[in-house]
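Colleague: Could you walk me through this one? I'd like to talk about its strands and its surface.

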Amino acid sequence: MRNIRQSIMRVGAIAALMAALSVPAEAQIVKGEKSAGAKLGYVTKNQSAMAGVFFRYSFSDHFRLSPEIGYTFRHKDLDAFTVDVNAHIPFNFTGETVAFYPLAGLNFSSWNRYYSADGINESSRRNRFGVNVGAGFDLRCSNSIKLLLEAKYCLTKRYTTATISAGVCYLF
């Protein structure tokens, strides 16, 4: 598990460095652009699927805020409800079609553990605040549709996890 964490952190650091050194050719997003969408993914903490919805608002051509709500499905007697607020800094690769963005933000996770004690099924909930770091890619399919691929690492006490997700969003 420690090797996986180190690998994810290295990839994230390299991606953030590459993003900082790249110079965008054209603006992928424009000030005031809004989008909303859904995503599905995989969470490493309980090795389970996740689903979520998000909203994005672009404050400038190279900064947007993305609040999200997600649910990690129960597996290994553990599930979670998450709320994230991430900042994205998009950089273009191919004009206005593909953009790479490093992300950083805040996380609130409510993890629920299920167990049996003396034949009685019980559960306990742990609420945690954490920090997100990661990166993602946007692929603009049309003037109103984008596909995305995102990887992030959420640092929280006893519930640190990595998430890989893919989604679609509608621009308006």
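Colleague: Happy to start with a single residue: in which strand is V53 found?

Modeller: Keep in mind that this is a predicted model. Going by residue ranges, residues 48-60 make up the element that holds V53, and that element is strand 2.

Colleague: Is V53 buried, partly exposed or exposed?

Modeller: The relative accessibility of V53 is 47%. Buried would need under 20% and exposed over 50%. Because 47% lies in between, V53 counts as partly exposed.

Colleague: Good, now the surface around it. Which strand gives the largest share of the nonpolar patch?

Modeller: The patch covers about 440 Å² and is made by V53, I69, Y71, F73 and F81. V53 itself belongs to strand 2. Three residues of the patch come from residues 63-75, and this largest share belongs to strand 3.

Colleague: Then how do those two strands meet, and which residue in strand 3 is the bridge partner of F54?

Modeller: Strand 2 and strand 3 form a hairpin, with two residues between them. Their pairing is antiparallel and runs over eight bridges. Within strand 3, F54 has as its bridge partner E68.

Colleague: And on to strand 4: over how many bridges does strand 3 pair with it?

Modeller: Strand 4 spans residues 78-88. One of the contacts is R64 with its bridge partner H88 in strand 4. The two strands pair in the antiparallel sense, and the number of bridges is 10.

Colleague: Last one: which residue takes a positive phi in the hairpin of strand 3 and strand 4?

Modeller: That hairpin has two residues between its strands. The phi in question is near 55°, and the residue is K76.

Note on methods
Residues numbered from 1 in each chain as written. Predicted model: local features only at pLDDT ≥ 70, side-chain atom pairs only at ≥ 80, totals over all residues. Heavy atoms only, no water. Patch = residues over 30% accessible without salt bridge, like charges linked within 9 Å, V, L, I, M, F, W, Y side chains within 5 Å. Areas by Shrake-Rupley, 256 points an atom, 1.4 Å probe, with all protein chains shown as cover. Salt bridge = Lys/Arg side-chain N within 4 Å of Asp/Glu carboxyl O. Helix = DSSP H or I, 4+ residues; strand = E, 2+ residues; numbered from the N terminus. Buried < 20%, exposed > 50% of the residue type's maximum accessible area, 1.4 Å probe, protein only. Pairing = 2+ DSSP bridges.
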